[in-house]
Amino acid sequence: MELSESVQRGLRSLAEPSTFDQSSYGVLVDVSFRSLLSAKAEPGVLDQPELKQIDQILLKQSHTAATTFILEAVKHNADKSAISSCLEELAFSAERIEIFYSTHQKHKKELERLLASIGRCPPRINDASWRLQYHVKNDQVDKVNEPFYLISLNTENEGSEEDINFTCTVEQLQDLVGKLKDAAKSVEKASQM
Amino acid sequence: MEEVDNILIHALKQVGTEVSEETGSIKQFTSELIVEAVVRCIRVIDPGLGSALPTFLPPGMSARFRVGMSLAQACQDIGYKGEIGYQTFLYSNEPEIRSLLMFLVEKLPRESAEASDQPTGKSVVLQKAIAAAIRAQLAVPWLPPNCRLPLHGETQSPGAQHNFHVQPLSLPHCTKGPGKKQLKGGQGSLIYMLEDYQRDVLPPVTAQPSHQASVVASILEQHTAELSAAQEWDNEWNTQGLLSRLTPQEYRSRKLARLRKRIEEQLRSAALPCPESAFGGPRSASDLSELLQAFRGSAPSDHILTKGTHFTHTQKFTFTQVRTAPRAQHKHAAPPILSGHQSESDMQLRQQEEQASLQQQFQQLSALPCLLSCVHGGCVWVQVLDELKQRELGNSEKEEKMQVKKKTIDLLPDADDNLPKLQAVVEASAKRVVHLASQWEKHRAPLIDEHRRLKEICSNQDLESSRKLSEIKSLHDKIRVSTEEAKKKEEIYKQLVTELENLPQDVSRSAYTQRILEIVSNIKKQKEEITKILSDTKELQKEINSLTGKLDRTFAVTDELVFKDAKKDESVRKSYKYLAALHENCNQLIQTIEDTGTILREIRDLEEQIETENSSKTVANLERILDDYKAIRQENSALAAKVREG
């Protein structure tokens, strides 16, 4: 897991006991996690009483570095050894690493969900209903005599339900089913790698 | 022996033979089991041979005989060098079966060779992780939406989705004390203002973007941009920067100047061919000069350039925008007065629309249209300046020429007097020139020597520095290669550890390897003992030889001596007879001892043979052979009777 220069600098200043003593370190770690997870932007998130004596620019740099490090750790799904080795290189003491890791474990699921919510996803099919009709004749042709299917797919997209309706002949339906089977097989193959 | 049997049974089970749990050793294999095992092994080793062979013995005796022969033939085709025939399968004995099965199991193709060829690398690790995640998701059964538990939340009912939307963040940075002192007054105050802004007003990074998902996206994007910029700078510095032998700051400032010049040239050349643009005419001159001043003047250190000028540029462009807006209004005010077609309200509407669109453009932070227009106007002004300068130069030259001609004209009326005066002046000045030239020569020589000496020193230093540069480069390369190797090896190690955990655990290889190592050490000890015994035996043999030799010699000597005296004396003759008898008896004793030894050896050999014969259960086999022989005879007679009848 690589970190850029400014993030390393911010984390190093966070590790120094002279800049951040034990209580303010804990408060800043909590604040960093909270500021990432809160649904609304809170500009006053750094206005904690324990953080008032620290130079504000240094505080903001450390906050930026801490949030970047948290996001990178969740993105890489880093285990305890990776996080500890990273923080040890930046001169963190063992108990600070412990504090950081325990808070990380507490909020890991939410952060993962937050990261997973970025992206696109097509609607998911929940249900399908079908109807087989027989086309006897219409106003232009006297004898048609063809069966066809009316398919209605009940999909769900971001919590709202929607129906997709279409008609198809038997061959088209077979084609669709064949494609679905191919898709299932390729997913199986991908999981066998 | 049990370990060998266990390994064989395990391998046979893997091939597909059904070995029941009680058969613990080869001794308990029945003929059917042996045939099945052998045929399955052959099928795996060579499918062509094996497909023709049945896995079980048919009941009829002649069919069994035929099957045995074909199996023996197949084994010989595969390459078994020992003695093999139908009897190995029908009337088996343990050592032969063990050696045959070991040969076949060794011939089985190894699946492990494929696994070790898998490439290791980051992409493979990622693909394996993806495959594991897909497997885990496939294992969770699908439930209709009303029955879903939170555990299905991620994969089966998605929450709100956001796009990956990045907003630029402004990060606070520290300027240290000494940096501030080097700045001139205007920039210093700018730094202080910037710091105050960062300290008091700038919101923390997580509060800057407008949406929670954009926070994540923007922070990650910012970090990746920094990382890639650092990597690019490293690459560039290692390839071009070191060669130019400048310090990093000098290299950066030179590159900056180069880029600025190129931008200016390109803007000028782009602005020139379009004579009619939206904003022509009277204003933009001052804007361009200020802009160019801003380019030139705001770079005492890199910090300010990369972060501060972002701020100053936005400042500048907001101010120019404010200025262009009224000018745009002026410009648009002019043509309607001239043309006189539009009404006042239309004009004002148009002005307002123009203003709004302009403000929009600038808010999108693309200052370039404004810049191009400024440059175009300023370009013309710069050309005019250049012309002016050139004309002034021409003017001054012509003035000088005029002065000279005036002087000569003044001197003309008094020509006779002035001519020798002028000649004298010319001679004096010529002499002065010569004198000065000689003085100059005197100065020049040592200076040239000095110059040459310094040049030599310079070239030596150049050589030194190029050599050191190449050393530095090779060291860099070595560092990079070894860090890459270390990283790769760590990754391989992690991968192999995970693979080892995933491997099936039924056969414990460590127990086998320990036994093998024990056996090897035992054999080594035994070999030492054997060599010791051999050397002891050799010693003994040598002693025996020397003793017998001594004995013969002493006996020969005593024999002669006594024989010489025996002719005269009776008692000596008797002692001679006793001596001969003693020698004879001792010889016999030695002979019997040697015979006893050989007979003991033969006994031991015979006992070993008895043991091996006992283990090959020949008696039982002979009985079976007799029974089968009787069965074959019966079958033969039955077939003959059938032939006779039909």
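**Salt bridge, helix packing and interface in chains A and B**

Me: B:Glu264 and B:Arg268 are separated by about one helical turn, because they lie four residues apart in helix H13 of chain B. What makes their side-chain meeting a salt bridge?

Reply: A salt bridge needs a side-chain nitrogen of Lys or Arg within 4 Å of a carboxyl oxygen of Asp or Glu. For B:Glu264 and B:Arg268 the N to O distance is 3.7 Å, so the pair meets the rule. Over all chains, 19 salt bridges are found.

Me: What do these values rest on?

Reply: The model is predicted, so local features need pLDDT of at least 70 and side-chain atom pairs count only at pLDDT 80 or more, while totals for chains, interfaces and linings use all residues. Side-chain values use heavy atoms, without hydrogens and water; residues are numbered from 1 along each chain as its sequence is written, and chains are lettered from A and ligands numbered from 1 in the order in which they are written.

Me: Why is H12(B) called roughly perpendicular to H13(B)?

Reply: Helices here are DSSP runs (H or I, at least four residues), numbered from the N terminus. H12 (residues 212-241) and H13 (residues 248-271) of chain B pack at about 95 degrees, their axes 12 Å apart. Axes are lines fitted to C-alpha atoms over the stretch in contact, and angles run from 0 to 180 degrees between N-to-C directions. Angles under 35 degrees count as roughly parallel, over 145 as roughly antiparallel, 65 to 115 as roughly perpendicular and the rest as oblique. The angle of about 95 degrees therefore makes the two helices roughly perpendicular.

Me: Which residues make that contact?

Reply: With contact meaning heavy atoms within 4.5 Å, H12(B) contributes B:Trp233, B:Glu236, B:Trp237, B:Gln240 and B:Gly241, and H13(B) contributes B:Pro248, B:Tyr251, B:Arg252 and B:Lys255.

Me: How do you know how much area chain B and chain A bury between them?

Reply: Buried area is the accessible area (1.4 Å probe) that two parts lose on being put together, summed over both. For chain B and chain A this comes to about 3,900 Å², 60% of it on carbon and sulfur atoms. On the chain B side, B:Gln161, B:Gln212 and B:His223 lose the most area, together 16% of what that side buries. In contact are 45 residues of chain B and 45 of chain A.

Me: How many salt bridges cross that interface?

Reply: The rule finds zero between chain B and chain A. H12(B) gives the largest share of the chain B side, ten residues.
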